[in-house]
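Here is a short briefing on a structure. Please keep the sequence and the coordinates open while reading.

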There are 2 protein chains.
Amino acid sequence: MHFTSENRLDDGVIERAFTLGEIPGILWTPASATTPTPLILIGHPPLGLSRMYPRLAGRARYYAAEYSFASATIELPGSGDRPRWPAVEQARADLRRAMEAGGPVGDEIVDALVLPLVEKAVPEWRTALDALLSLPEIDGPVGYEGGVISIGIRLAVVEPRIVAAGLFAGSLVPAAMFEEARQVTIPLQVLLQWDDEGNDRQAALDLFDAFATKEKTLHANMGGHTGVPQFELEPGARFFARHLR
Amino acid sequence: MHFTSENRLDDGVIERAFTLGEIPGILWTPASATTPTPLILIGHPPLGLSRMYPRLAGRARYYAAEYSFASATIELPGSGDRPRWPAVEQARADLRRAMEAGGPVGDEIVDALVLPLVEKAVPEWRTALDALLSLPEIDGPVGYEGGVISIGIRLAVVEPRIVAAGLFAGSLVPAAMFEEARQVTIPLQVLLQWDDEGNDRQAALDLFDAFATKEKTLHANMGGHTGVPQFELEPGARFFARHLR
């Protein structure tokens, strides 16, 4: 892990860019560290870190300033400045075409889009976690939050250091991931946008039902994919505070 | 409105019992009043105020101590020490029999159980609201929260002084109330217990969908009817704080 920049932001939060091999990432740590300092891994859709930055940094700075949590994110494979990934780009083009045609999105498109991303991204997140937890100022426990819910599901199943997850039920989920969801037993808080154009509401409710965990909460709000209300930031942080403190 | 007792509780909250004609009720006001003092009307199932008291008082005292809200509740017709109501008791016996038989609960049983209660209780809540808002220490705005969701729906439609409602999707809802739900436009936060034995989950989701209001949030948690997690108290209060302050 190699830090490439460090900024103290106006709320005192320290923002550091890093690289981990070829993978860029960002770490935010609170102005005044507490012990232990929980860590939130902030997931996001494969749109590139620079495009996602305002939303990710907004959440991370809130967590640091209000809850003294550290947060980190990494670039997904095939996104941003990382090497292009033709197979996934093809699947994305197929998805776009299917949605523009108004027809149902076939399972093979969803599988081709999501499963390779899960296979490749999850080990990267785990490697990042190794590096982050080796820093003296971060000791966990660890939560995962955000989008590409399938990545969150896989991480919840395979990574025992992740003890709670705040997931966004806003992306297409391969049938195979429903099976993995039945193995998830950590506490979950799931966000659902009730009128998400690209997302099947019933499938999202079925996925929520599928998780094996006993303490799971669904927060459904009106509006489309990008319309998650600002006021959900706070219960998201409180969920982590209950499980990471 | 006639006060029959007054207690200063150990958190400084003042609890007063009152009668309004034949209807008993309880008012909780914060130790240190703010201006304006919002008022939460705390609804409950028709099990009698004395049986419901611990849960109602717990919420009211939290609202008063943490948010400086006043809260009030009244006895439902046919419950507690109020005169018995044979028609509703008959409907309740019919419901119990239908549930014990494991069969579906017929629409006529639900209608007979809930619609007369709505017809009689809603004007009583409005009369109580008149009396409560005439007190110098309470000036609103007003929220309604709690069970018998059909009473909350009707109040949200007919009572313009109620500007936000926190509803519990835990009771049987007559088909006619789904139509009224389509007229509700005030902000809503709806609690749903995912494994509520006596309540149809899909019907509860359909009801949430039916509300016309733009700012509505669903909080679904695991467990049965009486298992609403303690941690939902705080987002309930925050919802009211957003809309009553």
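The points below cover a helix, the relation of two chains and a helix pair.

This is a predicted model, where local features need pLDDT of at least 70, side-chain atom pairs count only at pLDDT 80 or more, and totals for chains, interfaces and linings use all residues. Residues are numbered from 1 along each chain as its sequence is written, with chains lettered from A and ligands numbered from 1 in the order in which they are written.

**Helix α1 of chain B**
- Helix α1(B) covers residues 49-67 and spans only 24 Å between its end C-alpha atoms, against 27 Å for a straight helix of 19 residues at 1.5 Å a residue. The expected span is 1.5 Å times one less than the number of residues. Helices (H or I, at least four residues) and strands (E, at least two) are DSSP runs, numbered from the N terminus.
- A kink of about 40° is centred on Arg55(B). The bend is the angle between axes fitted to the seven residues ending at a residue and the seven starting there.
- Ser68(B) follows α1(B), and its phi is positive, near 55°.

**Two copies**
- A turn of 180° and a shift of 0.0 Å along the axis lay chain A on chain B with an RMSD of 0.0 Å. This is the relation of a two-fold axis. Superposition is by least squares on C-alpha atoms of residues with pLDDT of at least 70 in both copies.
- In chain A, the C-alpha nearest the axis belongs to His219(A), 2.4 Å from it.

**Helix pair in chain A**
- Helices α2(A) (residues 86-100) and α3(A) (residues 107-133) pack at about 145°, with axes 8 Å apart. Axes are lines fitted to C-alpha atoms over the stretch in contact (C-beta atoms, placed from the backbone, within 7 Å). Angles run from 0 to 180 degrees between N-to-C directions.
- Contact residues include Ala91(A) and Leu95(A) of α2(A), and Leu113(A) and Pro116(A) of α3(A).

Technical notes: Contact = placed C-beta atoms within 7 Å.
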